[in-house]
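User: Please take a close look at the nonpolar surface patch of this model. I would like one connected account of what makes it up and of the nonpolar packing elsewhere in the chain.

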Amino acid sequence: MNTQPMGKPARMLLFLSSILLPFVVYLPIWRIELDAPQYPEGLSLQIHANDIRGNVDIINGLNHYIGMKTMHKEDFVEFTVLPYIIVGFSILFFIGAWINRKKILYFLFSAFVLFGIIAMVDFWKWEYDYGHDLDPNAAIQVPGMAYQPPLIGFKQLLNFGAYSIPDVGGWIFIGIGLMLLTGVILEWRISKGPRSVLFFLPLLFFFQACTIEVKPIQLGRDHCHFCKMGISDLRFATAILTQQGKTLPFDDLKCLLSYTQINKDIQVKDIYVSTYTGKHELVLATQAYFMTSPSLGSPMAGNFAAFVDKNELTKNNQALAGEEKTWESIRQ
């Protein structure tokens, strides 16, 4: 059965993948961003198929003090072979679409997923070595401390917050994987009926787990991204979730609004506010009810409180002699 030709949708997806994949050679695949009070604009590393760019010299200088290795693209054999592998897959995808056989689609999908897994394992091994193989004579030494960046997501490294996320090329790579997966699912449904889709549910759950979500704010650990004060009262904490998946915490809605006014180029995905009552969970600002009152005494005198329950808002508004506000009026 695998010698049968592919359906038109699967074939077109394979052909489209062959066109998109070469762009990954020229675009950044992964990025690691570092935030610290002394670097309010942040530092970043952009990992390309054949280079590592961004604030490499500054980060190398900082890492020298804690004994980490310096980064030079000449030290990575991956930068030599990776562009050829990417272009090779692109050519194979085109040939597979031209030959038009189901078994070729299955083989290419399996090989592409295997390549992605090997690449991530290799990346993790590099991060492990980078964060653990430290110079014993470094100027700054913290016993038992390692500085391995996260494979994906956030990790606190001393006073730096490290974010590791796919960049444009990485998202293209993931998108191609999803397109190939879609093609395989379509062919399996045609060949073996709807039940065959169950085989792919673990993969679908994996991709769902990689969705971008705001990270909870931690008292005594997180600092306001604007005023740099430690966040000590969750009732007034807020956060920005950027388009890149980074969570920027703030100790007061006033700080968040001031930050967005100054940094107009920031790519905001969503804005979250903590609920004044209950468990003080982060909720979307667009779905919250607000009140303002001098009696609230928020950390930076913004004096805004957020609620998800209209009755809670009314009750606290009466007790604190406050004034109801909408999110639109607050932003203006």
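**The nonpolar patch and the cores**

Analyst: Helix H4 is the main contributor to the nonpolar patch, giving seven residues. The model is a predicted one. The patch covers about 1,100 Å² and is formed by Met12, Phe15, Leu16, Ile19, Phe23, Val87, Ile91, Leu92, Phe94, Ile95, Trp98 and Ile99. Two elements, H1 and H4, each supply two or more of these residues.

Phe23 is a member of the patch that lies in helix H2. Its relative accessible area is 45%, so Phe23 counts as partly exposed, the class between the limits of 20% and 50%.

Nonpolar side chains tend to be buried together in soluble globular proteins. Here, the largest nonpolar core holds 27 residues, and those with the most contacts inside it are Leu14, Leu21, Ile86, Phe93, Phe112 and Leu180. Two or more core residues come from each of H1 (8-20), H2 (23-26), H4 (78-99), H5 (102-132) and H6 (168-192). H6 provides the largest share of this core, with seven residues. H1 and H4 thus appear both among the helices of this core and as the contributors of two or more residues to the patch.

Leu21 shows the packing at one position: apart from neighbours within four places in sequence, Leu21 is in contact with Ile86, Phe89, Ser90, Phe93, Phe112, Phe173 and Ile176. There is also a second, separate core, made of 22 residues, including Val56, Phe123, Tyr147 and Phe160.

Terms used
Residues are numbered from 1 along each chain as its sequence is written. This is a predicted model: local features need pLDDT of at least 70, side-chain atom pairs count only at pLDDT 80 or more; totals for chains, interfaces and linings use all residues. Side-chain values use heavy atoms; hydrogens and water are left out. A nonpolar core is a set of buried Ala, Val, Leu, Ile, Met, Phe, Trp, Tyr and Cys residues joined through side-chain atoms within 4.5 Å. Buried means under 20% relative accessible area, exposed over 50%, partly exposed in between (1.4 Å probe, protein chains only). Helices (H or I, at least four residues) and strands (E, at least two) are DSSP runs, numbered from the N terminus. Contact means heavy atoms within 4.5 Å. Patches are made of residues with over 30% relative accessible area and no salt bridge: like charges are joined within 9 Å, nonpolar side chains (Val, Leu, Ile, Met, Phe, Trp, Tyr) within 5 Å. Accessible areas come from the Shrake-Rupley method with a 1.4 Å probe; for residues, only the protein chains shown count as cover. A salt bridge is a side-chain nitrogen of Lys or Arg within 4 Å of a carboxyl oxygen of Asp or Glu.
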